[in-house]
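The following exercises introduce a structure through short tasks. Each task is followed by a solution that goes step by step.

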Amino acid sequence: KIIEESEERLRASERPFSFIEREKVKREQQREKIHTLSAARPCRTKRFFAKPVPRQIFDREVTEKWLEEELYRQIRIRMRAEEMLASSQLPRCMETRAKSRRYTVGELRRHTDSIRAQQAGLTREHHFRPFINHRVPDFGELHRQLRQDLNAEKTRRPNTVVEPFFLADIVAGPVKEMLMQ
């Protein structure tokens, strides 16, 4: 009896669970905050206006000057590349090898290749020349032929024959009943 009375008092003091009121109050506070901030700080930002393009830029002489500068730039780049190539050197190990054998890199490779070919017994006739087939196949005809072959293979397959079978459920029925008891 005491438990029932305490439960009734608890239910009477209970309020429904809802965030709706709290969310409305929060939204109102945010609106007021935004309104006060915007009122306190007036808009001072100026709109951007681009300056007009000078008429000299559209002049033919200016474009010719740009093209001439670009040409000089390309010439300077080419000259710098040639200077770098002329002043470049081989790595130390390659340089010492070239000096000691009195060959440049390409001559050394050619010389070693010819020595290896002589040791293997190769002559000029042994050079690889691939066979080039100049006939282009008719892919449409090849596709048609493949489909015909596949259809012929389908018709050659034997059909499955239905054979009688023995259903073991008839025998298993009495055994099952015995097991259930």
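**Exercise 1.** How many residues apart are E141 and R144 in helix α6?

*Solution.* This is a predicted model, in which local features need pLDDT of at least 70 and side-chain atom pairs count only at pLDDT 80 or more, while totals for chains, interfaces and linings use all residues. Residues are numbered from 1 along each chain as its sequence is written, and side-chain values use heavy atoms, with hydrogens and water left out.

Step 1. Helices (H or I, at least four residues) and strands (E, at least two) are DSSP runs, numbered from the N terminus. Helix α6 covers residues 139-156, and E141 and R144 are 3 residues apart in it, so about one helical turn separates them.

Step 2. The two side chains meet in a salt bridge, at 2.6 Å from N to O. The term means a side-chain nitrogen of Lys or Arg within 4 Å of a carboxyl oxygen of Asp or Glu.

Step 3. A residue is buried under 20% relative accessible area, exposed over 50%, and partly exposed in between (1.4 Å probe, protein chains only). E141 is partly exposed because its relative accessibility is 37%; R144, at 47%, is partly exposed too.

**Exercise 2.** Find how many salt bridges the whole structure holds, and describe the pairs outside helix α6.

*Solution.*

Step 1. The search of the whole structure gives 3 salt bridges. Side chains of opposite charge can pair when their charged atoms come close.

Step 2. R31 pairs with E28, with 3.1 Å between the closest N and O atoms. Both belong to helix α2 (residues 20-40), where a spacing of 3 residues puts about one helical turn between them. R31 is exposed, since its relative accessible area is 54%, whereas E28 is partly exposed at 41%.

Step 3. R73 pairs with E70, and here the closest N and O atoms are 3.2 Å apart. These residues are 3 apart in helix α3, so they too are separated by about one helical turn. R73 is partly exposed, with 39% relative accessibility, and E70 is partly exposed, with a relative accessible area of 39%.

**Exercise 3.** Which residues gather in a patch of negative charge on the surface, and which form a nonpolar patch?

*Solution.*

Step 1. Patches are made of residues with over 30% relative accessible area and no salt bridge; like charges are joined within 9 Å, and nonpolar side chains (Val, Leu, Ile, Met, Phe, Trp, Tyr) within 5 Å. Lys and Arg count as positive and Asp and Glu as negative, with His and the chain ends not counted. The place of a charge is NZ of Lys, CZ of Arg, CG of Asp or CD of Glu.

Step 2. The negative patch consists of D59, E61, E64, E68 and E69. E69 belongs to helix α3 (residues 60-87) and is partly exposed, because its relative accessibility is 44%.

Step 3. V53, I57, F58 and W66 form the nonpolar patch, with about 450 Å² of accessible area together. Helix α3 contains W66.

**Exercise 4.** Determine the make-up of the chain and check the span of helix α1.

*Solution.*

Step 1. The chain has 7 helices and 0 strands. Of its 181 residues, 1% are buried.

Step 2. The expected span of a helix is 1.5 Å times one less than its number of residues. Helix α1 (residues 2-13) has 12 residues and should therefore span 16 Å; its end C-alpha atoms are 17 Å apart, which agrees.

Step 3. Helix α1 is hardly covered, with 0 buried residues among its 12.

Key
Accessible areas come from the Shrake-Rupley method with a 1.4 Å probe; for residues, only the protein chains shown count as cover.
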